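Let's take a walk through this model, going from single residues to helix packing and then to the core. Keep the viewer open and rotate as you read.

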Amino acid sequence: MKKINIFPRISLLERYLISEITPILLFTIVIVTVVAESIGISFEQFSFLLTEQISFGTLIYLHILKVPEFIVLAVPIAILMTTIFVYNKLSITSEIIALQSCGISLYKLICPAIHLSLILSLILFIVNESIVPISNYKAAITLVSRLGRATVNHKTVTRQSLLRQELRF
């Protein structure tokens, strides 16, 4: 009886390309996230620290709550940068030419990058739909409550377009 394998076997070339892509991808995700977050909210929170007297611990907590949003923004940029870096390195070392002379098509060479980006886009979709709204809501509630308002109106924290959509239904 033949064994049914639900996972396709990964070829040596695909394992090599994935091993080349993964460390650079993780590094670029971290770098792009840090840069985007520092540009995106650090200046705003620094002004809150000076003018509104919000504690430094609260600002760190707000940064942690905003990390999922910036990761969702950073991963597509990181994937683009990673594929450019990796395939440029393969081109410089003439590995692409050597593989093509062995009869391997360009499609076979880019398949690992495409598969990895599709898997990451699915994960990002799930994160963007489930984790990011909750963390943004908690960050907004924390910021509003720390600004000195005794009561927090939860409807003012959400976006106006979402409120209009809720009123239609």
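Start at Arg15, which sits in helix α1, the stretch covering residues 12-51. Bear in mind as you look that this is a predicted model. Arg15 has a relative accessible area of 47%, so it is classed as partly exposed. Now find Pro112: along the sequence it is 97 residues away from Arg15, yet the two C-alpha atoms are just 8.3 Å apart in space.

Next, look at how α1 meets α2. Their axes are 4 Å apart and the helices pack at an angle of about 145°. The crossing of α1 past α2 is right-handed. If you sort the residues of this contact by class, you get 26 nonpolar, seven polar and four charged.

For a residue to hang onto here, try His63, which belongs to helix α2. Is His63 buried or exposed? Its relative accessibility is 19%, and the cut-off for buried is under 20%, so His63 counts as buried. Leaving aside residues up to four places away in sequence, His63 touches Glu37, Ile41, Ser42 and Gln45.

Stay with α2 and turn to its other partner in this tour, α4. Helix α2 spans residues 56-92 and helix α4 spans residues 106-146; their axes come within 8 Å and cross at roughly 165°. Angles over 145 degrees count as roughly antiparallel, which means α2 runs roughly antiparallel to α4. This crossing is left-handed. The contact of α2 with α4 is made up of 20 nonpolar, seven polar and four charged residues.

That brings us to the core. In soluble globular proteins, nonpolar side chains tend to be buried together. Here the largest nonpolar core has 18 residues, and those touching the most other members are Leu17, Ile21, Leu25, Val75, Tyr87 and Leu90. Helices α1, α2 and α4 each put in at least two residues, with α2 giving the largest share of this core, seven residues.

Zoom in on Leu90, one of those well-connected members. Not counting residues up to four places away in sequence, Leu90 touches Tyr16, Leu17, Glu95 and Ile96. Apart from this core there is another one, of seven residues, including Phe48, Ile54, Leu59 and Leu143.

Conventions. Residues are numbered from 1 along each chain as its sequence is written. This is a predicted model: local features need pLDDT of at least 70, side-chain atom pairs count only at pLDDT 80 or more; totals for chains, interfaces and linings use all residues. Side-chain values use heavy atoms; hydrogens and water are left out. Axes are lines fitted to C-alpha atoms, for helices over the stretch in contact, and angles run from 0 to 180 degrees between N-to-C directions. Angles under 35 degrees count as roughly parallel, over 145 as roughly antiparallel, 65 to 115 as roughly perpendicular and the rest as oblique. A crossing is left-handed if the near helix is turned anticlockwise from the far one by less than a right angle, and right-handed if clockwise. Ala, Val, Leu, Ile, Met, Phe, Trp, Tyr, Cys and Pro count as nonpolar, Asp, Glu, Lys and Arg as charged, and the others, Gly among them, as polar. Buried means under 20% relative accessible area, exposed over 50%, partly exposed in between (1.4 Å probe, protein chains only). A nonpolar core is a set of buried Ala, Val, Leu, Ile, Met, Phe, Trp, Tyr and Cys residues joined through side-chain atoms within 4.5 Å. Contact means heavy atoms within 4.5 Å.
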